[in-house]
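Hi everyone, thanks for making time today. Let me put the structure up on the screen, and then we'll take a short walk through it together.

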Amino acid sequence: MEEKEFETRAIRMQTPRSENLEHSTPLYLTSSFVFEDAEDMRASFAEEKERNIYSRYANPNTSELIQKICAMEGADAGFAFASGMAAVYSTFAALLESGDHIVSCASVFGSTLSLYTQFFPKWQISTDLFHVNASASEIESLIKPQTKVIYVESPTNPGVDVLDLQMVGDLAKKHGLILIVDNCFASPYLQQPIAFGAHLVVHSATKLIDGQGRVLGGVTVGRRDLIDKIYRFSRISGPAMSPFNAWVLSKSLETLAVRVDRHCDNALALATYLEAHPKVIMVKYPFLKSHPRYSIAKKQMKAGGAVVAFEIKGGLEIGKAFFNNIQMLSLSANLGDSRSIVTHPASTTHAKLSPQEREHAGISEGLIRVSVGLENPKDIIADVAQAIDKATQ
Ligand SMILES: *Cc1c(COP(=O)(O)O)cnc(C)c1O
């Protein structure tokens, strides 16, 4: 399977068939696995053989999902978690010691920022943040002897800024740091951060990987020695993904490429429409030529992703009126769903940040985030258009 193309592997890599010769991988809804005899049991627990013992450690469904994502990302190994945040937290917890320091982009998922500020300080783990548009030397100035990790996302949530992955990859290499990239917004189909120097890639599988807003999930994949530490921590602390969710998510990967292609076509259509709209003062989408990092986006991504950020002339009040006039799109917290979703980060997901922290994270008060779904683009654009018209009347 290794030599096959992305879509083929996403569909054809699967758990070996059982004696029933099923076509589609069955759901292994079992918490534990049985042993032949006392010696088999002893050797299995001693890890002298690779086999399933207990679903907190591994299960055929989670293993299949991990194997597919490793193939997509060019990773050696991985672990599947109950949610994206379980992946983020467990990855940090497995790798960091008291006294360690993190250098992170300020534009990271809201809950990741909260880990830095609300929880890591109690274990003497400190964080310094850089602006998404910081230069290599500005980022370098934050690196200390205690720094262990650089952590970034690209494109960022919710500002849809783009970070130069090769630039941070080179910095991590130069300073011997572990580079972790949250690749959720791009999905493994659009961008493979390991090719630019990432050592670990984290996903919230809840988003584009599921693609239909059904289950939560997370994965971390990357270098074998690092995954081994994450596995040791997770096997004991218990953040494992359920076999059911892994089964759903592995099936979802079969359609990832076609879905994400269509998300990107629809998102580019909406972004192009908004850019020409006289009442819209700002649109950000990685594959619009007007994006400040358009050439970097083109270099590191296959297409622009599902998310468009924009702002209507008149700021916060007009933004609220826009939400109240939306008819079809969902007002919901998810993204990467087949249904288009609109959110207002400043009053919802990022409301707990101070105005200065929001500005540092690239979130203006009037910013609107659209996760563009798979409805017909004419209907998506029509709903956004009528809501802008009513809000600005
Ligand atoms: C949603 C999200 C997460 C967290 O994932 P959950 O599955 O909700 O725990 C992490 N990073 C990014 C970029 C996300 O969008």
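How much space lies in the largest cavity? Before I answer, please keep in mind that this is a predicted model. The answer is about 30 Å³. The structure holds one cavity of 30 Å³ or more, so to speak our first stop.

Who lines that space? Going along the chain, the lining of the largest cavity is made up of Pro155, Val160, Phe185, Gly304, Gly305, Ala306 and Val307. By class, five of these lining residues are nonpolar, two are polar and none is charged. Both domains take part here: domain 1 (6-253) and domain 2 (256-391) each give at least three residues to the lining.

Now let's move to the ligand. Its surroundings include Ser83, Gly84, Met85, Phe109, Glu153 and Asp182. Also around the ligand are Cys184, Phe185, Ser204, Thr206, Lys207 and Gly217. You may recognise Phe185, which is listed around the ligand and also in the lining of the largest cavity. The shell around the ligand has four nonpolar, five polar and three charged residues.

Which residues have polar atoms by the ligand's own oxygen and nitrogen atoms? Gly84 has a polar backbone atom 2.8 Å from a ligand oxygen. Asp182 has a side-chain N or O atom 2.6 Å from a ligand nitrogen. For Thr206, a polar side-chain atom lies 2.6 Å from an oxygen atom of the ligand. On its own, the ligand has 380 Å² of accessible area, and the protein covers 91% of that.

That's my tour, thanks for listening!

Notes: Residues numbered from 1 in each chain as written. Predicted model: local features only at pLDDT ≥ 70, side-chain atom pairs only at ≥ 80, totals over all residues. Heavy atoms only, no water. 1 Å grid on protein atoms, 1.4 Å probe; cavity = no way out; pocket = protein on both sides within 12 Å on 5 of 7 lines; lining within 4 Å. Points joined across faces, edges and corners; volume = space filled by probe spheres on them. Nonpolar A, V, L, I, M, F, W, Y, C, P; charged D, E, K, R; others polar. Domains from an automatic or database assignment. Near = heavy atom within 4 Å. Polar contact = N/O pair within 3.5 Å; in protein donor to acceptor, adjacent residues only side chain to side chain. Areas by Shrake-Rupley, 256 points an atom, 1.4 Å probe, with all protein chains shown as cover.
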